[in-house]
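Trainee: I should like to learn how to read a structure of this kind. Could we work through one together?

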Amino acid sequence: MTITSASRSEKITPFFIVQFCLVLIAISAVVLRRGEWNAPRIVGLCIAVPAAVLFFTARWQLGKSFSVTPQARELVTWGLYSKIRNPIYVFSALMLLGVLIALQYRYAFLLLVVLVPVQIIRAHQEAKVLEARFGDEYRNYRKGTWF
């Protein structure tokens, strides 16, 4: 079964609100930080802000199918999910990259060294669960999408 949309009340969950607040705090830390507005700060924000918008767009589109552990509630194949199987992972990594560039904490980039492999592992786990539940429908979807 492919999901096409869900009601607003199904999409805005307490966890969605927590995620939104954390992202808002991270981007605010960059904007409100003292110091000059140099190239890394501007470039970082130019990466982080659109990535945050796309992250929340993907999160909105996923709706109630979002879970912390791999589950196969419904196969979401519309919106950003029509092109990218895991847009939340892609855009959260880009958002973190942008924030780290803007804050200019070199050693904080080690977070990405941990985050990206963890997200790749999670994506593979989720793919197994979705393939087990949706079979050919998922395999066909997977052929036409990236990551």
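Mentor: We shall take confidence, overall fold, aromatic pairs and a surface patch in turn.

Trainee: What is the average pLDDT of the protein chain, and over which residues does it stay under 50?

Mentor: Where pLDDT is low, the predicted coordinates should not be read in detail. This is a predicted model, and the protein chain averages a pLDDT of 90, with 93% of the residues scoring at least 70. Residues 1-5 stay under 50, and the model has 14 contacts beyond four places in sequence for them.

Trainee: How many helices and strands does the protein chain have, and in what order do the elements run?

Mentor: There are six helices and two strands. Read from the N terminus, their order is β-α-α-α-β-α-α-α. The C-alpha atoms fill a box of roughly 55 × 30 × 25 Å along the principal axes. Of the 147 residues, 39% are buried. Of the contacts between residues at least 6 apart in sequence, 71% join residues at least 24 apart.

Trainee: How should a pair of aromatic rings be described?

Mentor: Such a pair is described by the distance of the centres and the angle of the planes. The structure holds seven aromatic pairs. In one of them, F16 and W60 have ring centres 6.5 Å apart and planes at 65°, so the pair is edge-to-face. This pair links distant parts of the chain, with F16 in helix α2 (residues 14-32) and W60 in helix α3, 44 residues apart.

Trainee: Are F16 and W60 buried or exposed?

Mentor: F16 is buried, at a relative accessible area of 10%, whereas W60 counts as partly exposed at 29%. A further edge-to-face pair is formed by F20 and F56, with 5.3 Å from centre to centre and 65° between the planes. Because F20 lies in helix α2 and F56 in helix α3, this pair ties together parts 36 residues apart in sequence. F20 is partly exposed at 41% relative accessibility, while F56 is buried at 11%.

Trainee: Which residues do ring pairs link into a cluster?

Mentor: The cluster consists of F16, F20, F55, F56 and W60.

Trainee: Which residues form a nonpolar patch on the surface?

Mentor: The patch comprises F15, V18, L22, I25 and V68, which together have about 480 Å² of accessible area. V68 is placed in the loop between α3 (39-62) and β2 (75-76). With 52% relative accessibility, V68 counts as exposed, because the cut-off is over 50%. For the whole protein chain, the accessible surface comes to about 8,700 Å², and 68% of that belongs to carbon and sulfur atoms.

Definitions and conventions. Residues are numbered from 1 along each chain as its sequence is written. This is a predicted model: local features need pLDDT of at least 70, side-chain atom pairs count only at pLDDT 80 or more; totals for chains, interfaces and linings use all residues. Side-chain values use heavy atoms; hydrogens and water are left out. pLDDT is the predictor's confidence in each residue, from 0 to 100. Contact means heavy atoms within 4.5 Å. Patches are made of residues with over 30% relative accessible area and no salt bridge: like charges are joined within 9 Å, nonpolar side chains (Val, Leu, Ile, Met, Phe, Trp, Tyr) within 5 Å. Accessible areas come from the Shrake-Rupley method with a 1.4 Å probe; for residues, only the protein chains shown count as cover. A salt bridge is a side-chain nitrogen of Lys or Arg within 4 Å of a carboxyl oxygen of Asp or Glu. Helices (H or I, at least four residues) and strands (E, at least two) are DSSP runs, numbered from the N terminus. Buried means under 20% relative accessible area, exposed over 50%, partly exposed in between (1.4 Å probe, protein chains only). Rings of Phe, Tyr and Trp (its six-membered ring) pair if their centres lie within 6.5 Å; planes under 30 degrees apart count as stacked, over 60 as edge-to-face and the rest as tilted.
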